[in-house]
Amino acid sequence: MSKPSDLVQGTLDMLILKILALEPLNGWAISHRLKQVSSDVLGVSDGSLYPALHKLEHLGWIRAQWKSSENNRRAKFYSLTQLGRKQLEKETANWNRVSAAISGIVKLREA
Amino acid sequence: MRIEQWFYSLPVRLRSFFHPNQVDEELKEELHGHLEQQIKENVERGMSPEEARRSAMRAMGGITQIEQQCRDAHGGSLLEDFVQDLRYGFRQLCRSPGFSALAILCLTLAIGANAAVFSWVEGILFRPYPLVAHQERLFAVAGTVPGMRIDLLSWPDFRDLRRSCALCDDAFVSKITGSTLNIGDHAEVTTGSIVSANYFDAIGVHPILGRGFEAGEDVGNDAHPVVVISYQFWRNRFKGDPQIIGKTQRLNNVPHTIIGVAPEGFYGTFVGRAMQFWVPISMEETFDRGGYKLEDRGARWIESYVRLKPGVSRAQAQQQISAIEARLQNDYPATNRGRGIELWALWQTPFNHAGELLPTLEVMVAVAAFVLLIACANVGNLLLVRSFVRRHEMSVRLAIGAGRGRLLKQLLTEGLILSTLGTAGGFLLAYLCRHLLVMLLPVREGDGMYLPGAIDGRVMAMGAGICLLVALITGLVPALQTNHLDVAGALKAESGGVVGIRSRRWIRSGLVIFQVCLSFILLVGAALLLESLQRIRSTSPGFSTTSVIVTRVSVVAAGYDIPQAKTFQNELIDRLNGLPGIESAALAAVTPLGYAGYQSSPIAVDGYQPSPDEQPEVEYNQVGLRYLATLGIPLLSGREFARSDDENAPLVAIVNRTMMVRYWGGQDPIGRRLKVKGRWVRVVGVAADSKYESLGETPKPFFYVPLRQDFVREPDLNIRTTQSRQSALAAVLREVNALDQDLALYQTVTLQEQVNRAAAPQLVAVTLVSTLGGLALLLAAVGLYGVMSYAVAQSTRELGLRMALGADAANLLRLVISRGLRLTAGGVFFGTIGALALTKLLRELLYKVSPYDPRVFVSALAVMTVTAVSACLLPAWRASRTDPARVLRN
């Protein structure tokens, strides 16, 4: 598997965890939020989102519950587990380290 | 997985294991909820409901794929995966029914061809005798004459063999015979066997009613008129009468007591026939022509088998039998000098249809394997196209961590579904074709040909093997593809980007070249066989076949002795030759190209010195007056036999041209002497060469002696007539009955029918090979069509550009067709090499055609080219209709 995809894949997981850390959401809302916060740069399709959600659920990082949404429809809401919270902290730390290193390199080349 | 994680994910895992359906439902509900919400939002943004739905669907991608990808994310057990893959695979196949139907059809035809051929090989060659025990230890026994053909055994030789062969479990006789059944006022002809008394015990078949034969029933001359009848015979003729034992049935006019009924599904031991009755060998004279032979060591007429003891090889048994034969040669030099006895595997049995069909079936096994390969290449090609379409789906599944192993499993499962359906269809096809061989043979009325395909455990196992192999091939070809996936590129929702296309095109072109190559080889093979059939058909057998009918009068059954038979023959011939509409009538012991074999004799020729290892032995026929004239065999010099050439006159003979050349150096041999069976015979005529036993034979020495000087009570009656068969036979029967009211005519056949039957093995080979060759050609054409259509669809941009730059429709048409022809040329190149290497395997089926005949190769090339051009026409036409403006706009 090529490098960029690893980045996308890992990033997608982290983004989902981050969004769910703020509040439990259903799939559609997550997708909406993703587009909002990333201004469509990442171009994550809905087709990729749901498999990722199911994978995270099976890893035990998020859990799902069926609830009524605002317009009284049943929807599956995802929320973070304790394990997920730890994973998010780990990934955020990791991300910060890597992105600091990269932006350092980028700035070095500009100077 | 860490303990902690395991704890957190356990509820989800348990749920998806115990309530898979509910989990699946929820997944669907979740995705549809998403879709509806998106639609709602789109509508709020001002889209029409229809547009909103379409846009939402587009954003989402294929729901089914996403569902499967979500299931992948769960990562289940092996069985769970398999069931899931199976379900998903079926769904995928249903999504593209055209593709699935085409792939399954290809596999059904190819696997069906293989299953049918295997079932014939099993049912005709390896396990030819249903219900017979231990067929793997059963061997046919035949005599040999050095430097000459296969001969049969005499009853005394057989008995000595049975007594002395310590390595044999048992030995038995089963000699095919025919019989006239008298039923009420009409006669019917049926096929049965003359068997040794131990027959039913030796083969382990026990009559369902009554008994088999007893040891004493081997002995005597016509002493034991008892018969075991087949189940079919019992059902049809006697309506399954439970009181049948002890009743009588006239066979060849002799009343036989029915002592047993054979079990259902037992057809005797002769490849090609379903036997209707069995009589003990002591009834030989009633059923076999040529007099009482049980005590004559020189009368070789017995078809026999041995079953070896467990663990004994053919070679060991052969050694022992050769030793026995050496002793017989020593004890009985007059009859046995220079003769051998040989064991043959059942599939090589020289005295039934097995040996005749062996070369054809050998070729068929190879041809069917070719067709299977071509079909696999075709289905692989189809799957490649589809895997391109499914590139996005595969990438996403890889991206969310499905793993290549998991994808491979999915692709193999899909291959397995296709090949299983194909195999099921194939076996159905083979079952429907199980009696095809008999249908292909020109069968005479009442012949009762029986050449079944047997679908048993071994054939099934072979089919299952093929099924797995096909699943592997068809699954792996598209799997090659996943190595070229660019996951990141594909994850972006739209599916542009031409990834790995170069390598894929190579695989596909390679597959097409492979298909063309194999089908070209089959085409050459089919063309060679066709050419050879033409030559056989157009070869003159050396006698004129039109308007000659052959029959026989039942004088033996009527109890005529030799003097009575002689008088009867003279009177009948005189009467027939005076009849209007009958040009001539002649008697002969054997009719050419029939089932009956000729007599043969060691010969010595005045003035001819044989080399030390040469023992001249020549076949001959006993013929009556005007025989050559009746059959239309030209008389080259001398005279035909006259009425005065009888038992009291000096012995005479007519030799054929090859014999004249071989033994008299081409000098006119009239008046010279020839020693036949120890007596000097004077040559009175030379006849032209003709075919004696098969149409494919090369000219061989042969001679005729007068019927009166080597008498046969019941010879064939040849009649050359200007009338129809019916009226001529009616006239003959009238004359016969004028002489004796009790006499009947046996089955009749025209000489032309006899000749057609002689070409049957070639006919079967040609029909089967050209059917499969045609199938292969069709599959190759479909493959070529697929590749060209795909290439055209992929290069619309290039085609549009060319058009914009001034190429016209004709240019593009030429372009596409020449691309197709280039692939074809590659295939034909390799195919020619393959054909040159392989066609010599056909040699045994070819007649007067070289396996390298250039004209055959050229005509195969022509057919291939026409097929290739037609396969490319539609894609080429589509290319020529490219609209440059639209292409460039996109």
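How many helices and strands are there in chain A? Select chain A and count along: there are 4 helices and 3 strands. Keep in mind during the tour that this is a predicted model.

**Stop 1: chain A**

Colour chain A from its N terminus onward, and the elements follow the order α-β-α-α-β-β-α. Of its 111 residues, 34% count as buried. Among the contacts in chain A with a separation of 6 or more, 49% are between residues 24 or more positions apart.

Now pick out the strands. They form an open sheet of 3 strands in the order S1-S3-S2 of chain A, and the pairing is antiparallel. Which strands are at the edges? Select residues 25-26 for strand S1 and residues 62-68 for strand S2 of chain A: these are the edge strands, each pairing on one side only.

Next, add residues 74-80, which are strand S3 of chain A; S1(A) and S3(A) pair in the antiparallel sense over 2 bridges. To see one position in this pairing, show Asn26(A), whose bridge partner in S3(A) is Phe77(A).

**Stop 2: chain B as a whole**

Switch to chain B, where you will find 29 helices and 24 strands. Turn the chain along its principal axes: the C-alpha atoms fill a box of roughly 120 × 70 × 55 Å. The radius of gyration of chain B is 36 Å, whereas a compact globule of 890 residues would have one near 29 Å.

Buried residues make up 47% of the 890 residues in chain B. For contacts with a separation of 6 or more in this chain, 81% link residues 24 or more positions apart.

**Stop 3: the nonpolar cores**

Show the buried nonpolar residues next. In soluble globular proteins, nonpolar side chains tend to be buried together. The largest nonpolar core here has 235 residues, and those with the most contacts inside it are Val371(B), Ala375(B), Ala653(B) and Ala776(B). Apart from it lies another core, of 21 residues, including Leu12(A), Leu49(A), Leu56(A) and Leu80(A).

Which residues does Ala653(B) touch, not counting those up to four places away in sequence? Select Leu674(B), Val676(B), Val681(B), Val683(B), Phe703(B), Tyr704(B) and Val705(B) to see them around Ala653(B).

**Stop 4: an enclosed strand**

Select residues 582-588 of chain B, strand S15. Because 5 of the 7 residues of S15(B) are buried, this strand is largely enclosed by the rest of the structure. Then add residues 716-721, strand S23 of chain B: 6 bridges join S15(B) to S23(B), and the two run antiparallel. Ser584(B) has Arg720(B) as its bridge partner in S23(B).

**Stop 5: three helices**

Begin with residues 457-482 of chain B, helix H17, and find Gly475(B) within it. Is Gly475(B) buried or exposed? Gly475(B) counts as buried because it has 23 C-beta neighbours inside 10 Å, and the cut-off for that class is 20 or more. Leaving out residues up to four places away in sequence, Gly475(B) touches Leu411(B), Leu412(B), Glu414(B) and Gly415(B). Draw a C-alpha to C-alpha distance from Gly475(B) to Gln410(B): the two are 65 residues apart in sequence and 8.6 Å apart in space.

Move on to helix H25 of chain B, residues 760-794, which holds Thr771(B). With 16 other C-beta atoms within 10 Å, Thr771(B) is partly exposed. A C-alpha to C-alpha line from Thr771(B) to Gly465(B) spans 24 Å, across 306 residues of sequence.

Finish this stop with helix H3 of chain B, residues 49-60. Its 12 residues reach 17 Å from the first C-alpha to the last, close to the 16 Å expected at 1.5 Å a residue. Just after H3(B), Gly61(B) takes a positive phi of about 85°.

**Stop 6: two loops with positive phi**

Most residues other than glycine have a negative phi. Two positions in chain B are worth selecting with that in view.

- Asp222(B) has a positive phi near 55°. Look for Asp222(B) in the loop between strand S5 (209-210) and strand S6 (226-229) of chain B; it counts as partly exposed, with 13 C-beta neighbours inside 10 Å.
- Lys677(B) has a positive phi near 50°. Lys677(B) lies in the loop between strand S20 (673-676) and strand S21 (679-687) of chain B, and it is partly exposed, with 15 other C-beta atoms within 10 Å.

Technical notes
Residues are numbered from 1 along each chain as its sequence is written. Chains are lettered from A and ligands numbered from 1 in the order in which they are written. This is a predicted model: local features need pLDDT of at least 70, side-chain atom pairs count only at pLDDT 80 or more; totals for chains, interfaces and linings use all residues. Two strands pair if DSSP finds at least two bridges between them. The radius of gyration is taken over C-alpha atoms; the globule rule is 2.2 Å times the number of residues to the power 0.38. A residue is buried if 20 or more other C-beta atoms lie within 10 Å of its own, exposed if 12 or fewer, and partly exposed in between; C-beta atoms are placed from the backbone. Two residues are in contact if their C-beta atoms, placed from the backbone, lie within 7 Å. A nonpolar core is a set of buried Ala, Val, Leu, Ile, Met, Phe, Trp, Tyr and Cys residues joined through C-beta atoms within 7 Å. The expected span of a helix is 1.5 Å times one less than its number of residues.
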